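Got the viewer open? Let's walk through this one stop by stop, starting wide and then zooming in.

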Amino acid sequence: MSRRTAAVDLTTRLGSIVLPNPVLTASGTAGHGHELADHLDPSTLGAVVVKSLHAEPWAGNPAPRVHATPSGMVNSVGLQGPGVEAWLEHDLPGLAATGARVVASIWGRTVDEFARAAELLAGAPDVVVAVEVNASCPNLEDRRALFAHSVTATTEVVDAAGAAGRPRWAKLSPNTPELPDMAAAAIAAGAEAVTVANTVLGMVIDTETRRPLLGAGRGGLSGPAIRPVAVRAVFDTREALGDVPIIGVGGVASAEDAVQFLLAGASAVQVGTATFADPRAPARILRDLGRWCDRHGVARLDELIGAAHG
Ligand SMILES: Cc1cc2nc3c(=O)[nH]c(=O)nc-3n(C[C@H](O)[C@H](O)[C@H](O)COP(=O)(O)O)c2cc1C
């Protein structure tokens, strides 16, 4: 199912980490632990990025939390989770047993909460190869903005995540025209890669109740509907920052979609919403990517990364 027969070398480098291939799961769409293993072998993917973890258990937002939209969905799950300590004890062991490379995503409402989550991860086993800093969440100390909408706040949360003592990736927001500035700030603060990007802010209104449909009002739009936004965001980041490692995410549902992100400048992609329709989507996309490269005479992934820039 997930085994490639292709001759292409899909190895990819993200800062100090070398992954066997560039297809990863997107945070929040493949569970906290081993849920994915019911559908595919997580060790065959480049890495498994787990749902964002707060230092403490977190209940998330009121229902309804998800709603289907044309070519995508809006969600306001609100970062529900067990907290880092419970995750380390109860969820990570099952995932680690699959042989997967694990990326722990963390979030907080303040810089201190990011630091606390990172500190709790410092003792994680080596199977946790990196920490993805979800900077695209609301900053309690600045009600107007997500952390990733401010150079200062982006710098602070990436810096705080250094307490985890492992490579950091900064997950950025597509909802600011200054995304390349945020990427530059994240790299300057010590991130080895930037994940571009999180969901696009959206809303659905229930015409019967005449109120926003999601329990939290606003939500994040994901799926194929946002792919051109995310591809453009990756392209912009590459154009502004050169060959900084970028992980592209937003609406990847096929190998061709993944290739678009690679050409725009990503060294890896994450698969999110596609997994809800088909839990084996990341494995299918990986297999088809190998076949696509074979058909197009691509021997190494490097030949594709950033090639759209001419
Ligand atoms: C239900 C749901 C939950 C999500 N939870 C998280 C999360 O906990 N942390 C995070 O960084 N991104 C989260 N995301 C965003 C995804 O990781 C991804 O950036 C976004 O959905 C775009 O990719 P996609 O179109 O492939 O889904 C979530 C997305 C969805 C749909």
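Start with a cartoon of the whole thing: the protein has 8 helices and 16 strands, where helices (H or I, at least four residues) and strands (E, at least two) are DSSP runs numbered from the N terminus. Bear in mind that this is a predicted model, with local features needing pLDDT of at least 70, side-chain atom pairs counting only at pLDDT 80 or more, and totals for chains, interfaces and linings using all residues. Residues are numbered from 1 along each chain as its sequence is written.

Stay zoomed out for a moment. Along its principal axes, the C-alpha trace spans about 50 × 50 × 40 Å. The radius of gyration is 18 Å, which agrees with the value near 19 Å that a compact globule of 310 residues would have; it is taken over C-alpha atoms, and the globule rule is 2.2 Å times the number of residues to the power 0.38. Of the 310 residues, 55% count as buried, meaning 20 or more other C-beta atoms, placed from the backbone, lie within 10 Å of a residue's own (exposed is 12 or fewer, partly exposed in between).

Now select strand 9, residues 168-171. R168 and A170 point one way and W169 and K171 the other, yet all are buried. Add residues 128-134: this is strand 8, which pairs with strand 9 in the parallel sense over 4 bridges (pairing takes at least two DSSP bridges). Look for E132 opposite W169. Next bring in strand 10, residues 193-196, which runs parallel to strand 9 and is joined to it by 3 bridges. V194 in strand 10 is the bridge partner of A170. To get from strand 9 to strand 10, the chain goes through helix 4 (residues 179-188) in a right-handed β-α-β crossover; with the strands pointing away from you, that path runs clockwise from the first strand over the helix to the second.

Jump to A117, in helix 2 (residues 111-121). Is A117 buried or exposed? It counts as buried because 29 C-beta neighbours sit inside 10 Å. Beyond its neighbours within four places in sequence, A117 is in contact with L53, H54, A55, V84, I106 and G108 (contact means C-beta atoms, placed from the backbone, within 7 Å).

Last stop: the ligand. Select the 26 residues around it; A26, G28, S222, G272 and T273 come nearest, with "near" meaning a C-beta atom, placed from the backbone, within 6 Å. Color the shell by class and you get 9 nonpolar, 15 polar and 2 charged residues.

How values were computed
Nonpolar A, V, L, I, M, F, W, Y, C, P; charged D, E, K, R; others polar. Contact = placed C-beta atoms within 7 Å.
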